[in-house]
Structures are given as structure tokens and as C-alpha cells.
Amino acid sequence: MEQYIIEGGTPLKGEVTISGAKNAALGIIAGAIMTDEDVLIENIPNVNDINVMLEAISEIGAEVDRIDAHTVRINGGSIKTLDVKDEYMRRIRASYYFIGALLGRYHNACVPLPGGCEIGARPIDQHIKGFRAMGAKIDISGGSLYAKAESLNGAHIYFDMVTVGATINVMLAATLAPGKTIIENAAREPHIVDVANFLNSMGANIKGAGTDIIRIKGVNKLHGTEYSIIPDQIEAGTFMCMAAATRGDILIKNVIPKHLESITAKLLEMGNEVMEFDDEVRVIGAASQRHTDIKTLPYPGFPTDMQPQITVALSLAEGISVVTESIFENRFKYVDELIRMGASIRVEGNVAVICGIKTFTGAAISVPDLRAGAALVTAALQAKGRSALEGIGFIKRGYEDFDKKIASLGGKITYISD
Ligand code: UD1
């Protein structure tokens, strides 16, 4: 069993460098197999979800050459099967990007259906609607999704809700679909723009990524490229919340401050100091912080992936704060663990009402999912006394060297594996 043992009470101080964006990298790795030429990807985060995605493309026959921890060369010319194994879908949901990539490139894909997960049901009906509009036949049987298209064509697609996954997935397939595809009500997250920039660097013709209408002109083929992934918005936001919660002072390097604006705005409202530089932000946690209300929304709103971390910071702010989760229906499971650490939070449906406390107290904690894990580590770093966190495999899915980065900021964290 793996655990983090954390002795709390030390404000985190110093500098930390942010890794490449996991959620951009997942879409980019899928896109990389849409050409027979070499694709060199830099600033890949060295986290488990990415390593599983690379294993999955290698399993279907792509050549994967891990040049170093953060650089990989991929060649999709040797792909021999369009049937992605169940094991990968169970380990990472984002293997649904294989549908868009393989359907676009080979007009054929078989991918096991993702199940529900720890934060909500997460259906993929909008992905399917998009592929069908482009002329693909989609059948679901025996737990797998079979996608096939005699010919794939551009289409006008309107998503019923803002969805990151379906926007990227349809963008992947449309890149090689003759004609014009228009995606309306598209997601605008930074990683949508990054995947679009990556595909354009391979010869795709995608315009409007980052707005809610994306226009794609299908091209005949894509070519090789060299591409460097943007910094991870959520990892950066997590360290910003750590500075606030522990009353620390952290210079967070290799970030795009624009991507962090919704988080910066809330930390400022709470009374913290946030300084923005070209590619760095510095957060100084105020001794006394104020309550505020937050609602998670698609970008540029406050990210759902930062909801647990800001809830931890708000638990230590004076007064009553209200956090409304509007993206996923089951994203407050970690609150029970926080309450065991002394938090005063009442959850009703998708709303958490938080009454500020002075300090958490250390406890034995079980991590329920990736972002909640980062939030519980943050609470333990602030807490009086010692905490033992299990289930940290979730954290390793998305945070590179989390314990080492925290230790370099003075956090008393030890990784134990038996
Ligand atoms: C992605 C991110 C995840 C983040 C989320 C929201 C990756 C690998 N994961 O997840 O970290 O929390 O965006 O920013 O990038 N929905 C449907 N039908 C669909 C698709 C989505 O009903 O076909 C719903 C979902 O249940 C959810 C909402 O739309 O309520 C948004 O989901 P979506 O943006 O697609 O999330 P993911 O792409 O799964």
C-alpha cells in the first residue's frame, strides 16, 4: 500500500515548476497516431495517466520512443489493430480519444465504453452524436463501442452542453474528414486550444479554438511535427491554493497567468496577494482570509478540477462560503474526509456550505479521486499534527513528483510504499 505521511503546520515557501498539461497531452498523444510520420512531443508530464495512454498506443502497434521523462517520439505508421483493449479504458477515461483519432484516420475503431466514475456518470452521448453527424455508424454491444464510416464528412454539430472531451474528440475526427465541420457550443479550455494548435502544426486546418465556435476544414493527410505542450493549469492552481491554505509564499514557475485568472480572482477576493509575471505567479497567503462564493463553470469560469482545492482554502477563511458544483454531480465525496480533519461543511446536492475554521487536525485519510487527493494533501499540510493518506495512486495519475515538489517547498511529506 502506498501512503503519504504528512506532518502539518509548515507554511509552504519557495519556488515550484509546473509540468506539462495532462489533459492536453492525452488529446495530443491520440492525435499523434493520425499520421505515419514521426511526431515529437515535448513537455509531456511524467504522470501515470500519460504513461497508460502511451502504453495503449504502443499496444495497438504505434512506435513509442520515450527519449526522456518529458519527451516522446511517436510513429503511428505501424498501427496493426483498431481494437483498443478494455484494460486501458478502465485505467483512463480519456482513451475515448481513440474513437476520434482512429475513426478520422482509418474510418474504423473499436473502443470499450467508459463506465461511470468517482465524480459522476460522465456519459459520452455528445461524442457519439458528433461522430454520427459526420456519417459514422456507431454500434454499442458487449460493452464496446464500434465506430465505422464508409466515408467521413464534415458536419454542423451543436453540443447540448459544453464538453471538453466531445469537443476534442470531434475535432480529432474532423481534421481528416472531407468538407467543413462546425462545432457550436464548443468548450474553450486552454487544452482545447493546445490540441488544435498541435493538429494545425501537423497540417490540419482548425480555426476558432478557444471560442465557442470551432471551424475545421478537413485535409487529406497530416504530417509529422515537433510540439511542446502548455503548462498544466490545474497543477498550477493547486499550488496557488496550497500557498493560500498554508499561509505560505510560493513562486509558481512555467505557467500561463491568463489561464489562472479565475483562480487568481478568487484568491484575491479572499484577501491573498497574487502577483503575475510573464510566465510565473507568486501567491502569498494572508494570515486572515475572507469567505467568498464560487460556482464551477466551463472555461473561463472557475474549473471543476479546482473545486476541492479551493474548498480546502475556503475552509480556513473567516465566515460562510458557498461552493456550487455545476459540472459533475458527485464531486463532494472528499468532504467527509475533510470533516474528519475538523472542517465544518454541509453538502446539499451540488452545493457545499462552508463555515470557516482556524485549523485542520491531522487524521488517517482515504483519497477518493485525483483532484480531491491534491486537496486533502493541502489540508494535511495545514493541519495540526500528523496525517496518513492512502489511495495516493489517484494523485499520481495527474501530479508529477507531487511529494518531491511539496518537500522542496518545506512541506513535511514522506512517501511510503510497502
Ligand atoms: C474533462 C477533463 C476533466 C475535467 C472536465 C471538465 C480530460 C481528460 N478530463 O473531462 O479533468 O474535470 O473535462 O472540465 O480532459 N457530458 C455529457 N455527455 C457527453 C459529454 C459530457 O453529458 O457526451 C457532461 C458530463 O457528464 C459533465 C459535462 O458534460 O457533466 C462536462 O463533461 P466534459 O467536459 O466532457 O468532461 P470530460 O471531457 O469527461
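The following exchange goes through His191, the ligand shell, the domains and helix α9 in a predicted model.

Colleague: What are the ground rules for the values?

Modeller: This is a predicted model, where local features need pLDDT of at least 70, side-chain atom pairs count only at pLDDT 80 or more, and totals for chains, interfaces and linings use all residues. Residues are numbered from 1 along each chain as its sequence is written, and side-chain values use heavy atoms, with hydrogens and water left out.

Colleague: Why is His191 called buried?

Modeller: Buried means under 20% relative accessible area, exposed over 50%, and partly exposed in between, with a 1.4 Å probe and protein chains only. His191 has 11% relative accessibility, so His191 counts as buried.

Colleague: Which residues does His191 touch, not counting those up to four places away in sequence?

Modeller: Contact means heavy atoms within 4.5 Å. On that basis His191 touches Asn23, Ala24, Val164, Ile168 and Ile230. His191 itself lies in helix α7, residues 190–201; helices (H or I, at least four residues) and strands (E, at least two) are DSSP runs, numbered from the N terminus.

Colleague: What makes Tyr96, Thr163 and Asp305 polar contacts of the ligand?

Modeller: A polar contact is a pair of N or O atoms within 3.5 Å; within protein, one must be able to donate a hydrogen and the other to accept it, and residues adjacent in sequence count only if both atoms are side-chain atoms. An oxygen atom of the ligand is 2.9 Å from a side-chain N or O atom of Tyr96. For Thr163 the distance from a ligand oxygen to such an atom is 2.8 Å, and for Asp305 it is 2.5 Å.

Colleague: How much of the ligand does the protein cover?

Modeller: The protein covers 88% of the 740 Å² of accessible area that the ligand has on its own, by the Shrake-Rupley method with a 1.4 Å probe.

Colleague: Which element gives the most to the shell around the ligand?

Modeller: That is α5, with three residues.

Colleague: What domains is the chain divided into?

Modeller: Domain 1 (2–18 + 231–417) and domain 2 (22–228), with bounds from an automatic or database domain assignment. Their centres, taken over C-alpha atoms, are 30 Å apart. The contact takes 23 residues from domain 1 and 20 residues from domain 2. The ligand shell draws at least three residues from each domain.

Colleague: Which residues of helix α9 are buried?

Modeller: In α9 (residues 261–269) they are Ser262, Ile263, Thr264, Lys266 and Leu267. Their cover includes α8 (233–245) and α10 (307–315).
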